[in-house]
Amino acid sequence: MDFPLFHLDWLNDRFLIAMIAIIHVFINHGLAVGFLPYITLLEQQGVVKSGPEDITDLAWDKMVHRMMMVGFVITTTMGAMTGVGIWFSAALISPNSIGSLIRVFYWGWFTEWIVFVLEVVFIMIYFLTWKNSNKSLRAKQRHIRFGWFLSGFSWLTMAIIVAILGFMMDPGNWIQEQSLVSALTNPIYLPQLLFRTPTAMVVAGAFGFLLIMLFTKKSSAIRPTALKTTAIWVLLWLPLSILASIYYYNVIPDAMTANMSTAVGTMDFAKYYDLLKYIILIATSSLALLAIWTLWKPKKVNLIIVIIPFVLSLGFLGIFERVREFIRKPYVIGNYMYSNLIREEDYPLLQRDGILKHSTYTSITEITEENKLEAGKDVFMIACSRCHTSQGINSIIYVFEKMYGIGKPLDINSMKAYIPNMHNGRTYMPPYPGNEEELDALAHYIFYLQQSGATLEGAQSAGAHLNPTHSVEHFIEQKLNNNKNE
Ligand code: HEC
């Protein structure tokens, strides 16, 4: 509430973060964290399988180099941009939570930025020195050692960020201790890191299968060997990924797993919840089958049977991220800050005085008949707009009409009865934060939205009004009054 709120009224704010984050995870896990050790292994294999006179098997090395080119181009462009983009979009949509995270993880983030920039530089060095390193065996071996070092480094960037992701789900002892150490040792950190590590390796293998098929000819002698190495790589990491996912699932608090059915899609989708398990099962087993088939009949592998597990494994990773983002609701930072950006501990104050009075950006401090709609709009912006739009995706009209009848005029009193209890039945929604008058204004505003088809503009286009009672003039006036009274 200390920031003017950015709002995407058609797309839904959550969508923006989710889209950028999911693309980033594909790239980070599939083409960096998992891919770099995989590529280094292949590069090393080229040296091992070459003749005693050669530095490396040149045809093989060329294939690996081309695969790395894909990783290089995508990670240093889309990967880097979406990585920074996640925090830009999250800071726009959820400024208070990013503010809190920065206060807690200041040094963690500081380290992350340095490590991240170095990672990009190291990827460039690794890729750009590749050809030169083929001139002598010593140079090649140094290049391969650099590849292993880079792999560790790129894992480190993930390891730091996962601490923050784990913290947002369950801050653990930090709630009492409020120290960086207690934040870093949050209960979900290690399980999630244990899950992401082998999963990144598996997804890299799926990318590997695809790239080998694209960069080698059917008749080529290196294709079967490369596919077999990839198959072994996948078969070694896959069981670890599955075991770690079971462990991870088991440390997620029960309140969160209860959210899982709504997390995947919308409530309408909840009945197809079982599908989720099947997608995971089908994705992992299709990859396992591909790997086994490859070991058995490497020459019979074709593009189609490679693409299917590839798409499924991206689907699996995408669903995992979507679920992770959703199940911590109603919180954005577990047990500390709700997804509407209001801290749990501020609720009693706000429910007594109203949210507008304590909001920095609103033009209204006293609700009257004349300003009721304007007030309702501000209340909606603060209390509901992080998850609902006016007429777009997950629109507030639609969710109410679904309960009371599609197309029927909404009833203000029914909405007023529902909203203060909305968190009881739907535990992914935070409790209503405001007071009675604000509830009345909110219900009138929602009714008005339905009747008029009006939309809601975010601060980026509508601008922002400073709360008149927060202005310097007001402050001076109060001071003068106090002085007079003394
Ligand atoms: C943390 C995100 C979040 C916030 C904040 C939020 N909602 Fe929701 N709300 C949801 C989600 C998710 C759904 C489920 C939509 C679906 O899948 O059908 C939902 C559903 C609803 C429903 C339908 C419930 C049902 O039983 O069918 C209503 C009514 C509703 N919201 C009203 C509100 C109002 C009013 C506010 C603001 C005071 C609000 N919500 C704030 C996330 C949120």
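This is a short group-meeting talk about the predicted model shown above.

Okay, hi everyone. Please keep in mind that we're looking at a predicted model. Let's begin with the whole chain. It has 486 residues, and 40% of them count as buried. The secondary structure comes to 23 helices and two strands. If you lay the C-alpha trace along its principal axes, it spans about 95 × 55 × 40 Å. And here's one about contacts: take the ones between residues at least 6 apart in sequence, and 76% of those join residues at least 24 apart.

Next, domains. The chain splits into domain 1, residues 11–336, and domain 2, residues 344–483. Their C-alpha centres are 40 Å apart. Where they touch, domain 1 puts in 14 residues and domain 2 puts in twelve. On the domain 1 side, helix H1 supplies the largest share, with three residues. If you sort that side by class, you get six nonpolar, five polar and three charged residues.

So what's packed inside? The largest nonpolar core has 101 residues, and the ones with the most contacts inside it are Val379, Leu442 and Ile446. Helix H10 gives the most to this core, twelve residues. Now, where does the core sit relative to the two domains? Both domain 1 and domain 2 give residues to it, so it lies between them. Let's zoom in on Leu442. Skipping its neighbours within four places in sequence, Leu442 is in contact with Gly376, Val379, Phe380 and Ile419. Apart from the big core there's another one, of five residues, including Tyr248, Ile252, Met256 and Ile327.

Let me pick one helix and follow it: H2, residues 35–49. How far apart should its ends be? It has 15 residues, and at 1.5 Å a residue it should span 21 Å. In the model the end C-alpha atoms are 21 Å apart, so that agrees. Its buried residues are Phe35, Leu36, Pro37, Tyr38, Ile39, Thr40, Leu42, Glu43 and Gly46. And what do those pack against? Five helices: H1 (13–33), H3 (58–93), H7 (137–169), H10 (189–215) and H11 (222–251). You'll remember H10 from the core, where it gives twelve residues.

On to the annotations. These come from an unreviewed UniProt entry, which places "transmembrane region" at several stretches, among them 105–128 and 227–249. How do those two look in the model? Residues 105–128 are 96% helix and 0% strand, with the end C-alpha atoms 34 Å apart. Residues 227–249 are 100% helix and 0% strand, and there the ends lie 32 Å apart. The unreviewed UniProt entry also places "domain: Cytochrome c" at residues 371–450. Over that span the chain is 59% helix and 0% strand, with the end C-alpha atoms 18 Å apart.

Now a single residue: Ile367. It's in the loop between helix H16 (347–353) and helix H17 (372–383). Is Ile367 buried or exposed? It has 21 C-beta neighbours inside 10 Å, and the cut-off for buried is 20 or more, so Ile367 counts as buried. Leaving out residues up to four places away in sequence, Ile367 touches Lys372, Ala375, Glu437, Glu438 and Ala441. Cys384 is 17 residues along the chain from Ile367, and their C-alpha atoms are separated by 19 Å.

Last stop, the backbone oddities. Most residues other than glycine have a negative phi, and most peptide bonds are trans. Which residues here go the other way on phi? One is Gln178, with a positive phi of about 55° even though it isn't a glycine. Gln178 is in the loop between helix H8 (174–177) and helix H9 (180–184). It has 13 other C-beta atoms within 10 Å, so Gln178 is partly exposed. Asn335 also isn't a glycine, and it has a positive phi of about 55° too. You'll find Asn335 in the loop between strands S1 and S2 (337–338). With 15 C-beta neighbours inside 10 Å, Asn335 counts as partly exposed.

And then which two residues does a cis peptide bond join? Lys329 and Pro330, with omega about 10°. Pro330 is in the loop between helix H15 (303–327) and strand S1 (331–333).

That's my tour. Thanks for listening!

Definitions and conventions
Residues are numbered from 1 along each chain as its sequence is written. This is a predicted model: local features need pLDDT of at least 70, side-chain atom pairs count only at pLDDT 80 or more; totals for chains, interfaces and linings use all residues. Helices (H or I, at least four residues) and strands (E, at least two) are DSSP runs, numbered from the N terminus. The expected span of a helix is 1.5 Å times one less than its number of residues. A residue is buried if 20 or more other C-beta atoms lie within 10 Å of its own, exposed if 12 or fewer, and partly exposed in between; C-beta atoms are placed from the backbone. Two residues are in contact if their C-beta atoms, placed from the backbone, lie within 7 Å. A nonpolar core is a set of buried Ala, Val, Leu, Ile, Met, Phe, Trp, Tyr and Cys residues joined through C-beta atoms within 7 Å. Domain bounds come from an automatic or database domain assignment. Ala, Val, Leu, Ile, Met, Phe, Trp, Tyr, Cys and Pro count as nonpolar, Asp, Glu, Lys and Arg as charged, and the others, Gly among them, as polar. UniProt positions are given in the numbering used here, feature names are shortened, and annotations may be inferred rather than shown by experiment.
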